[in-house]
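Got your viewer open and a selection box ready? Load the model below and we'll walk through it stop by stop.

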Amino acid sequence: MERPQGSAASTTADPSAGERYLLLADISGYTGFLSGVELEHGLDFSAGIPAAYGILADLLNSVIEGVAPDFALVKLEGDAVFAAAPAATLDGHGDHVLEKLAVMYQSFIASRTRAIPLHDHVCSACPVVAHLDLKAVLHRGPSVRQMVGPGSDLLGPAVTVAHRLLKNTVREQTGSRAYVLMTDAAAGPLGLSDVGLAHHEEYADTGRIDGRVVELGGPRPS
């Protein structure tokens, strides 16, 4: 897979303020999975951390590694990965970005498959890991890297929009379980304005947001 010129330096050349691609990848169904595991196994950690937490770590690592080095981790948010890339490193390289997201999803599926319990595992909750899936949001806009406590975070209206889009109606309207919701602000500069399905969301504080839905793990969009 050919990498866009300059992407390998994204983690070191990333300025404190500027245009970025903002990627949020969220594990669908994990809250219900974890609740079921806790009901089955209890909350007593004296004998060690329950395996479900290790499963989450492996799944999140698969996402982080799947999008590297183009997207650098900003932070983990529960069962979601927040990553970013300087816009100039990816503008015009939409095909590469779609391939990178496909690699991310394949890595996630491989990790999920490894986590499925053996047939002699009698727990009724752990096998639910097989039904976990991945949804992603890709947005483009200005953000500022700000020191917060011992680390740093990205702040700005574009970051807020990306996070709003995690709560969406894609599954209800399209039936897609594993997908990337790519805003027009991201799709245009990437050269992907015609891929996938047109979609929009509307929120009280951010208004209407137009974009495209591309299925993860599906056929290459035309």
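## First stop: the charged pairs

Start by selecting D210, which is partly exposed, its relative accessible area being 30%. Bear in mind throughout that this is a predicted model. Now add R208 as sticks: D210 and R208 form a salt bridge, and their closest N and O atoms are 2.9 Å apart. In total, the count of salt bridges comes to eight.

While you're on charges, pick E19, D91 and R140 together. Salt bridges that share partners join these three into one network.

Next, select R164 and D205. Their salt bridge has its closest N and O atoms at 2.4 Å. What does this pair tie together? R164 belongs to helix α6 (residues 157-164) and D205 to the loop between β7 and β8 (207-215), so the salt bridge links parts that are 41 residues apart in sequence. Both ends get some solvent: R164 is partly exposed at 32% relative accessibility, and D205 is partly exposed too, at 48%.

## Second stop: a hairpin with a charged pair

Keep the sticks on and jump to E77 and K75. Their side chains meet in a salt bridge, 3.6 Å from N to O. E77 is partly exposed, with a relative accessible area of 23%, and K75 is partly exposed at 30%.

Now switch to cartoon. Strand β2 (residues 72-77) pairs with β3 in the antiparallel sense, over five bridges. E77 turns up again here, since its bridge partner in β3 is A80. Two residues sit between the strands of this hairpin, and if you check backbone torsions you'll find that G78 takes a positive phi near 65 degrees.

## Third stop: strand β1 and its two neighbours

Select residues 17-28 for strand β1. Is the strand mostly covered or mostly open? Mostly covered: nine of its 12 residues are buried.

Colour the two strands that pair with β1:

- Strand β4 (residues 133-148) runs antiparallel to β1, and 12 bridges join them. For one such position, select R20 and look across to its bridge partner in β4, G141.
- Strand β3 (residues 80-86) also pairs with β1 in the antiparallel sense, over seven bridges. Here, select L24 and find F82 standing opposite in β3.

If you're following side chains along a strand, remember the general pattern: in a regular strand they alternate between the two faces of the sheet.

## Fourth stop: the nonpolar cores

Turn on spheres for I27, F71, M104, L138 and M182. These have the most contacts inside the largest nonpolar core, which has 42 residues. Another core lies apart from it, with 19 residues, among them V74, A158, Y179 and V213. As background, nonpolar side chains in soluble globular proteins tend to be buried together.

Zoom in on L138 and show what surrounds it. Leaving out residues up to four places away in sequence, L138 touches, among others, Y21, L22, L23, F71, V97, M182 and L190.

## Fifth stop: two serines

Select S62, in helix α3 (residues 51-67). Is S62 buried or exposed? S62 is buried: its relative accessible area is 4%, and the cut-off for buried is under 20%. Beyond residues up to four places away in sequence, S62 touches M104, S107, F108 and S111. You'll recognise M104 as one of the residues with the most contacts inside the largest core.

Then go to S193, in the loop between α8 (184-190) and β7 (197-203). S193 counts as partly exposed, at 40% relative accessibility. Which residues does S193 touch, not counting those up to four places away in sequence? They are A187, G188 and R212. Draw a distance between the C-alpha atoms of S193 and R212: these residues are 19 apart along the chain, and the separation is 7.6 Å.

## Last stop: zoom out

Clear the selections and look at the whole protein. There are eight helices and eight strands. Buried residues make up 45% of the 222 residues. The accessible surface comes to about 11,000 Å², and 55% of that belongs to carbon and sulfur atoms. If you have a contact map to hand, look away from the diagonal: among contacts between residues at least 6 apart in sequence, 72% join residues at least 24 apart.

Notes:
Residues are numbered from 1 along each chain as its sequence is written. This is a predicted model: local features need pLDDT of at least 70, side-chain atom pairs count only at pLDDT 80 or more; totals for chains, interfaces and linings use all residues. Side-chain values use heavy atoms; hydrogens and water are left out. Helices (H or I, at least four residues) and strands (E, at least two) are DSSP runs, numbered from the N terminus. Buried means under 20% relative accessible area, exposed over 50%, partly exposed in between (1.4 Å probe, protein chains only). Contact means heavy atoms within 4.5 Å. A nonpolar core is a set of buried Ala, Val, Leu, Ile, Met, Phe, Trp, Tyr and Cys residues joined through side-chain atoms within 4.5 Å. Two strands pair if DSSP finds at least two bridges between them. A salt bridge is a side-chain nitrogen of Lys or Arg within 4 Å of a carboxyl oxygen of Asp or Glu. Accessible areas come from the Shrake-Rupley method with a 1.4 Å probe; for residues, only the protein chains shown count as cover.
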